[in-house]
Amino acid sequence: MARGEKRLEILEAALKVISQVGFEGAKMEEIAREAGIGKGTIYEYFDSKNTLFQEMLRHCTEEFREGLSKALAEGETLLEKIRNFSLYGANFLNSHALLLNTPLVSHSLPEEIKVQMKANWDALFRLIEDEVKKGILAQEVKPNIDPEMAASLIIGGVNQYTAKKICGDSFAPEEMDHAGIARLILSGLH
């Protein structure tokens, strides 16, 4: 097995274990067992649990950002981009649902991990805010709309709808009305 594949297996095992028992409760032995390797092998790739956790977050965030960028690029209008965001987000959530159970905002997380999480979130937020700005230029959105506020509403609306349908109602991503949430967000409740 290639070194990159083994590293990815360790990251995925860490995601599963940390999702089940939290950051504090996760032991390197458990992560190694989940990955089907010896504990020492983890240390060939990551020098500490903090480093492993940071890389797990970075990996998930990068995977989400790359997929979201592709999903947004496939839409021509802001409505299509929001629909694509909803569909991509639902599929990502469906395949990474374990992460929802992780107490990521735990006070026990090291400061450098909290800083990394904020930087990752800011980068993802800017992707949506930039699409809103493009929508304003293309006259798909009123010119007096605050892009930051609009991005917050889009992200919040899509995330809540997706979480409710997948986690609460046990929908599969393809069963959701992604076009409907996009239309509602763009047209508002007016």
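Let us begin where helices H1 and H2 meet. In this predicted model, the H1 side of the contact is formed by Glu9, Ile10, Ala13, Ala14, Lys16, Val17, Val21 and Gly25, and these residues meet Glu30, Ile31, Glu34 and Ala35 of H2. The axes of the two helices come within 8 Å and cross at roughly 140 degrees. Angles over 145 degrees would count as roughly antiparallel; H1 and H2 are therefore oblique to each other. The crossing of H1 past H2 is right-handed.

I turn now to H1 itself, which covers residues 3-25. How far apart are its end C-alpha atoms? The distance is only 27 Å, although a straight helix of 23 residues would reach 33 Å at 1.5 Å a residue. At serine 19, H1 bends by about 85 degrees. Serine 19 is also one of the buried residues of H1. Others in that group include Lys6, Leu11, Leu15, Ile18 and Phe23. Ile10, Ala13, Ala14 and Val17 are buried as well, and these four are among the residues that meet H2.

What covers the buried residues of H1? The cover includes H2 (28-35), H3 (39-45), H4 (49-73) and H6 (111-137).

The last of these helices brings me to my final residue, asparagine 120, which lies in H6. Is asparagine 120 buried or exposed? Its relative accessible area is 12%, and the limit for a buried residue is under 20%, so asparagine 120 counts as buried. Setting aside neighbours within four places in sequence, asparagine 120 is in contact with Leu57, Arg58 and Thr61.

Technical notes
Residues are numbered from 1 along each chain as its sequence is written. This is a predicted model: local features need pLDDT of at least 70, side-chain atom pairs count only at pLDDT 80 or more; totals for chains, interfaces and linings use all residues. Side-chain values use heavy atoms; hydrogens and water are left out. The expected span of a helix is 1.5 Å times one less than its number of residues. The bend at a residue is the angle between axes fitted to the seven residues ending there and the seven starting there. Buried means under 20% relative accessible area, exposed over 50%, partly exposed in between (1.4 Å probe, protein chains only). Contact means heavy atoms within 4.5 Å. Axes are lines fitted to C-alpha atoms, for helices over the stretch in contact, and angles run from 0 to 180 degrees between N-to-C directions. Angles under 35 degrees count as roughly parallel, over 145 as roughly antiparallel, 65 to 115 as roughly perpendicular and the rest as oblique. A crossing is left-handed if the near helix is turned anticlockwise from the far one by less than a right angle, and right-handed if clockwise.
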